[in-house]
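Grab a pencil and work through a few exercises on the fold shown here. Each task comes with a step-by-step solution, so try it yourself before reading on.

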Amino acid sequence: MTDLQTILDIVAQSRALYADVFTAAARYLVPALAALLLLHCARPLLSFRREPEIWAWLKFTDGSQVAVTHWENVIGRSKSSDITVALSTVSRNHAVLTRYDDGSWTITDASSKTGTWVNGERVSICALHSGDVISIGGVDMELTPITKRQEQLQSQLRTKGSSGWSSLLGLMLLTLMQALMLTGFLLSGEPEEYPAYLLGFGVVFLCQWALFLFYTVIRRSSFEVETIAFFLCTLGIAALATVKPGEMLKQSAAMIMGVGMFLLIGWSLRDLERAKRFRYLAVLAGVGFLVVTLLFGKEYYGAKNWLVIGGLSLQPSELSKVCFVYAGASTMDRIMNKRNLILFIAYSIVICGLLALMNDFGTAMIFFCAFLIIAYLRSGSVGTIGLACTALGFAGVLALRIAPHALNRFATWRHVWDNPFTSGYQQTQAIMCIASGGLFGLGPGKGFLQKVFAADSDIVFATISEEWGLILALMAVLAVAALGFFAIRTSRVSRSSFYCIGGCTAAGILLIQASLNCLGTVDVLPFTGVTFPFISNGGTSMIGAWGLLAFVKAADTRQNASFAVRFSK
């Protein structure tokens, strides 16, 4: 018996020694791999050539012609119009020229003063055919679409997405990083938690490689956006393995459903007419989720934003974000319709009003920021944004007077050290743990913050910082920022305003959430309790983040880059 105990002691000491040696190496290897991975994925997203596509030519009677470079083109006197006709008889935004998936074209009058005429007849919306003469403000022009052969050649000459080998390299770097993190948990964790560790990291591994193989089958080569998402998911699994390994099954299932949501929304965006039909369902679902939560939800920490079904807790407002992007995205002919703009503003007021009744002011702030992005992209008016922000200021003051929950959050802001054991406990502990983790962290499972409430969700940035280092935590923020800058860059050459607004708004929501989570944790901004996309523990948050990512992916027009863009036949 004594010999057996001696052997067990030696094994335990050897395991502890190996764990210490491995942790010491992994503390530097994991951030290094993450830096290589982020650089590898971000470089093509931020440096690709933005080449306009030419879909047709507008030929004028004087022999000049103008290239039509989008599927939706505003014709007007304004310098911001896609096609400028600098005459006083032409309205600032006179008409919208639209191409459809089947190659057909229409022209829609944008409530102009002198009207839009086709073959001598005034029209509000009219299909265009070869030889039709368009008259705008007394100027005649004729539309000449490019041929199918020209369209095919143009597609082949466009900038390609990353090659399959480049995507494979990024995925291998991510897999190696995951293997190092998993090994660290297996060496330092308790044996009874091994199944949870293997499940969490295993599901991320299977999802990323299954999606990559699916892309290979459908001949799509670019995988940078997805690799960044799986990188963030990996950090979330690492945080969950430390704080709540028992919830690994739930979060893994949510990740699988999130990837399914990503593919479903991408499929819907593949056809613009189908996307517009989905939009109407999303509008109803976005309000429905919040109404059901308001009526049947449960209140936690002052906010009634949780729906409990059996033993499952859901936060439907996370799914409403996806619906809100659908509702805000619109084609150019509808944007020019004032009725459509009024309906969207009314919808936004209803959404924010429901969130205010639920006392979920953090989520309401995200929705309002999304509204500002959509409003600017739709109108291009800084004045409109200024008026909206002024209205927010008045509404915010009123909310603080009515809702003590929100007032307490603001009262604590910048004063967390005044009450480090009560209202400021989470943030003071988070700040101290970030400092103790330093640049390279303490190692997997060795942090103190795992004992603090919401270490896997509201203050997950601090959990990653403490155990894996501030460098890795900041890389998570830079990864989300890369998605945001990519959406802005690709919006310049987007085919439709639907994709432009959807991609920029979705990326904006992800970036705003990440910023609120990180800056709220360290008391730079008020602590709102919003999640960090892909990282924070929460099934609906995970599904919603993947749903938003689909809009970013659909805006990518590089050759063979996005599954949401059809091949040129």
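Below are four exercises, from the whole chain down to single sheets and cores.

This is a predicted model, where local features need pLDDT of at least 70, side-chain atom pairs count only at pLDDT 80 or more, and totals for chains, interfaces and linings use all residues. Residues are numbered from 1 along each chain as its sequence is written, and side-chain values use heavy atoms, with hydrogens and water left out.

**Exercise 1.** Take stock of the protein chain: how many helices and strands does it have?

Step 1: count the DSSP runs, with helices being H or I over at least four residues and strands E over at least two, numbered from the N terminus. You get 18 helices and 14 strands.
Step 2: check burial, where buried means under 20% relative accessible area with a 1.4 Å probe, protein chains only. Of the 569 residues, 54% are buried.

**Exercise 2.** Work out the strand order of the six-stranded sheet.

Step 1: pair up strands, which takes at least two DSSP bridges between them. The order comes out as 2-1-11-10-7-8, open and antiparallel.
Step 2: look at the edges. Strand 2 (65-68) and strand 8 (121-123) each have a single partner strand, so one side of each lacks a neighbour in the sheet.
Step 3: zoom in on one pair. Strand 1 (residues 56-60) is joined to strand 2 by four bridges, and Trp57 has Ala67 as its bridge partner in strand 2.

**Exercise 3.** Do the same for the three-stranded sheet, then find what packs on it.

Step 1: the order is 12-13-14, again an open sheet with antiparallel pairing.
Step 2: strand 12 (298-300) and strand 14 (312-314) are the edge strands, each pairing on one side only.
Step 3: two bridges join strand 12 to strand 13 (residues 303-309); Lys298 has Trp306 as its bridge partner in strand 13.
Step 4: helix 7 (residues 272-296) packs on this sheet and touches strand 12 and strand 13. Contact here means heavy atoms within 4.5 Å.

**Exercise 4.** Which residues have the most contacts inside the largest nonpolar core?

Step 1: a nonpolar core is a set of buried Ala, Val, Leu, Ile, Met, Phe, Trp, Tyr and Cys residues joined through side-chain atoms within 4.5 Å.
Step 2: the largest one has 129 residues, and Phe231, Leu232, Phe534 and Trp546 have the most contacts inside it. Helix 5 (residues 224-243) gives the largest share, 14 residues.
Step 3: follow Phe534, whose contacts include Leu232, Leu510 and Trp546.
Step 4: a separate second core of 23 residues includes Leu58, Leu128, Ile134 and Ile136.

Conventions. Buried < 20%, exposed > 50% of the residue type's maximum accessible area, 1.4 Å probe, protein only. Axes fitted to C-alpha atoms, helices over the stretch in contact; angles between N-to-C directions. Lists of a residue's contacts leave out its neighbours within four places in sequence.
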